[in-house]
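The following paragraphs offer a guided reading of the structure shown below. They begin with one chain as a whole and then turn to the contact between chains and to a sheet.

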Amino acid sequence: MTERQLANSLLGSMEYDPAPESAAIAKLKSSYGLFIDGSFSDASSHEQFASINPANESTLATVAQASTEDVDRAVVAARRAYDKVWSKTTGAQRSKYLFRIARLIQERSRELAVVETLDNGKPIRESRDVDIPLAAAHFFYYAGWADKLDFAGFGAGPKPLGVAGQIIPWNFPLLMAAWKLAPALAAGNTCILKPAETTPLSALVLAEILEQAELPPGVVNIITGDGATGGALVDHPGVDKIAFTGSTEVGRLIQQRTASSHKHLTLELGGKGANIVFEDAPIDEMIEGVIDGIFFNQGHVCCAGSRLLVQESIADEVLRRLIRRVEQLRVGDPMDKNTDVGAINSAAQLMRIRELTDVGESEGATRYTSSCTLPEKGYWFAPTVFADVAQSHRIAREEIFGPVLSVLTFRTPEEAVTKANNTNYGLACGVWSEKGSRTLWVAERLRAGVIWANTYNRFDPTSPFGGMRESGFGREGGRHGLEAYLDV
Amino acid sequence: MSDRLDVRKTYKLLINGAFPRSESGRSYEVTSAKGDFLANVAQGSRKDLRDAVVAARAAQAKWWGATAYNRGQVLYRLAEMAESRRDELADHVALSEGVSKKASQTTVSTSIDRIVWYAGWTDKIAQVLGGTNPVAGPFFNFSIPVPSGVVGVLCAQDDSLVGFVDAVFAPICVGNAVVAIASERRPTPAALIGEMTTSSDFPAGVLNVVTGITDELAPTLASHEDIDGIDLTGASIETADELARAGAGSIKRVRRPNVHGNEHSLRGLRAFVETSTVWHTIGQ
């Protein structure tokens with residue numbers, strides 16, 4: 001009998017009644033074109049592809065497949081907008097456009113949250129409480145920078161780079177669009193944004209918002225498509241800057257392909273974050289933080305705390321409590337307001353997670369998987385914890401990008417730091433301890449761009465985010481985020 | 001004219017605080033701008049470079065582990081050492097670059113003043129590039145600049161002293177360790193500064209200087225997996241793109257001043273700096 005069944009037999013069912021959000025709020029159209037030069041148009045090939053709801057495999061809408069020709073059209077529009085309009089628009093004016101966009105995101109937040117959850121599979125609680133509010137906050141934050149660039153610490157009159165090509169992933173579709181567009185526009189660049197193939201819809205709603213905000217045509221162009229579209233954008237000679245968020249594998253290709261050009265580049269790539277737990281950690285907060293660190297957004301988070309490093313003296317208790325908590329996670333309909341863990345974003349991602357977890361078992365780690373019932377249709381993976389993981393195991397080295405936690409142990413702070421840094425990545429780490437001096441000692445030695453102490457997966461527009469080593473270079477957020485879009 | 005035979009010095013590599021001849025047993029002849037014999041110089045190999053990277057990796061932790069104040073003291077000590085050997089430096093600049101005695105003295109002054117400039121930066125850069133971030137929640141959040149780690153530098157081919165000083169001490173002053181490939185035809189000013197670092201309290205391996213044939217050595221530096229960043233200033237136009245591509249293999253930070261701007265700004269100091277952001281909960 002599982003713990004859940006035991007509790008139910010003793011106390012009666014403790015299940016919540018369904019509390020679904022309405023899909024109709026999304027007001028989705030049946031098909032979308034490319035947003036170029038201020039209006040929607042068909043792709044040159046008239047080719048469309050479907051965006052799927054990963055929770056039930058139904059088609060939400062079809063979107064245009066941008067060709068090389070369409071990419072060129074977008075670059076020409078962005079260049080013209082840069083030369084004729086945006087570079088002559090004062091910082092104060094740019095600022096007000098960004099404030100307008102922020103307000104419109106807030107005003108359409110419920111619609112955007114529903115679109116995001118339908119298209120991505122993440123729980124509505126997360127899109128409503130995290131993705132959309134943070135996206136609005138990001139525009140608000142950078143709106144205020146647009147007329148203050150002289151005081152941003154890069155000398156007087158810092159110049160924008162020009163036309164920026166921005167390629168974003170499927171894990172936080174609207175939030176990543178905001179992270180890219182807001183600082184670029186504040187700094188005075190014009191943009192071509194390519195959302196991920198599997199999650200293009202919230203960016204297309206954002207295009208409507210840009211129209212509503214009366215942003216001059218061509219300042220932001222949003223083109224949907226697959227990897228070939230992204231490749232054409234990366235290779236286009238009219239682009240001055242490429243900003244990419246995605247896998248290290250693709251980031252490496254982009255760095256290679258832009259190496260012989262004048263293009264500026266920032267990369268926000270993969271990670272294998274270590275969450276380090278010392279024996280004096282506040283245990284209840286820590287368990288919640290570790291759970292949130294790996295199961296937030298189904299683990300589709302580049303900075304996920306996917307390696308738990310726990311001090312040996314408390315390892316048994318931590319593992320026991322983790323497994324109990326994993327059993328309590330509510331997995332299922334992302335539109336249900338009580339859901340904790342939603343759908344895996346795509347069949348391809350599900351396959352990768354299955355492959356790596358199979359390897360985890362065959363390499364000798366001990367697997368605990370939630371006994372939750374998974375919906376029949378859609379892409380689902382039950383939250384999973386691996387114990388007895390060695391550093392050499394693939395599940396301890398490779399980014400799984402799914403709801404899978406690998407647990408390792410350590411004895412001394414030195415060993416914890418060594419193990420945490422034993423990776424080619426360097427994006428994020430967590431440290432759990434009530435001893436401030438030790439936390440800072442560890443933080444100083446971790447080779448990671450973001451370190452959360454007694455918390456995890458916190459984001460804020462004022463706080464620089466980005467990686468070291470093979471997790472990429474450049475920062476998003478804060479004053480530092482402007483540097484990626486200024487010629488300084 | 002004295003009939004005393006002069007004692008000729010062979011310029012050797014600087015790796016991990018020691019002066020090995022190249023493990024390859026090779027040396028090459030360096031001439032003055034006029035074509036006269038200047039010196040024999042060790043011709044470093046790919047193996048020498050790899051040894052230098054190992055040394056740099058170990059040294060970087062010590063260098064970054066020292067206080068910023070201490071790093072400033074060490075860099076200033078280097079300026080003192082250079083000042084006391086300025087005539088020797090000037091002679092080499094004059095011969096290598098084919099400039100007048102007076103011009104070479106000016107170059108030496110500039111380079112020493114640049115070292116002093118970097119000495120002053122060690123304990124200021126954190127406040128200029130870092131700070132606290134007012135996040136919307138009960139967290140103390142701060143960002144600090146930390147070094148990328150080990151930086152490979154292809155030194156400028158012409159600007160043998162000031163170019164070298166800027167290229168290596170900008171990353172060093174912010175806490176990196178450097179493996180530098182000196183100017184191929186004008187390596188002796190770099191070799192001299194390298195010698196001076198060993199009497200200035202730098203931990204061994206913070207600066208490694210490998211002399212030799214740039215095109216032979218550069219690909220090893222660009223593709224080395226334990227190097228975090230490369231400065232391609234001294235690469236030829238024909239090879240720079242290929243080296244930048246090789247650097248992408250391990251997502252290196254690649255600095256190309258001739259492509260991305262080289263005006264006097266903080267670019268050099270920021271080129272091999274990472275931002276580390278810490279969130280700490282606030283509560284009772």
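In this predicted model, chain A has 488 residues, for which a compact globule would have a radius of gyration near 23 Å; the value for chain A is 22 Å, so the two agree. Along the principal axes, the C-alpha atoms of chain A fill a box of roughly 70 × 45 × 35 Å. Chain A contains 16 helices and 18 strands, and 59% of its 488 residues count as buried. Among the contacts in chain A with a separation of 6 or more, 72% join residues 24 or more positions apart.

The contact between the chains draws 37 residues from chain A and 30 residues from chain B. On the chain B side, at least two residues each come from strand 5 (139-147), helix 9 (237-248), helix 10 (257-260) and strand 11 (273-281). Strand 11 of chain B supplies the largest share, eight residues. By character, the chain B side comprises 11 nonpolar, 14 polar and five charged residues.

Strand 11 of chain B also pairs with strand 17 (residues 450-453) of chain A, in the parallel sense and over four bridges. Within this pairing, His280(B) is the bridge partner of Ala453(A).

Chain B also has an open sheet of three strands, in the order 1-3-2 and with mixed pairing. Strand 1 (10-11) and strand 2 (27-31) of chain B each have a single partner strand and stand at the edges, so one side of each lacks a neighbour in the sheet. Strand 2 and strand 3 (residues 37-42) of chain B run antiparallel and are joined by five bridges; in strand 3 of chain B, Phe37(B) stands opposite Thr31(B).

Notes. Residues numbered from 1 in each chain as written. Chains lettered and ligands numbered in written order. Predicted model: local features only at pLDDT ≥ 70, side-chain atom pairs only at ≥ 80, totals over all residues. Pairing = 2+ DSSP bridges. Rg over C-alpha atoms; globule rule 2.2 N^0.38 Å. Buried ≥ 20, exposed ≤ 12 C-beta atoms within 10 Å, placed from the backbone. Contact = placed C-beta atoms within 7 Å. Nonpolar A, V, L, I, M, F, W, Y, C, P; charged D, E, K, R; others polar.
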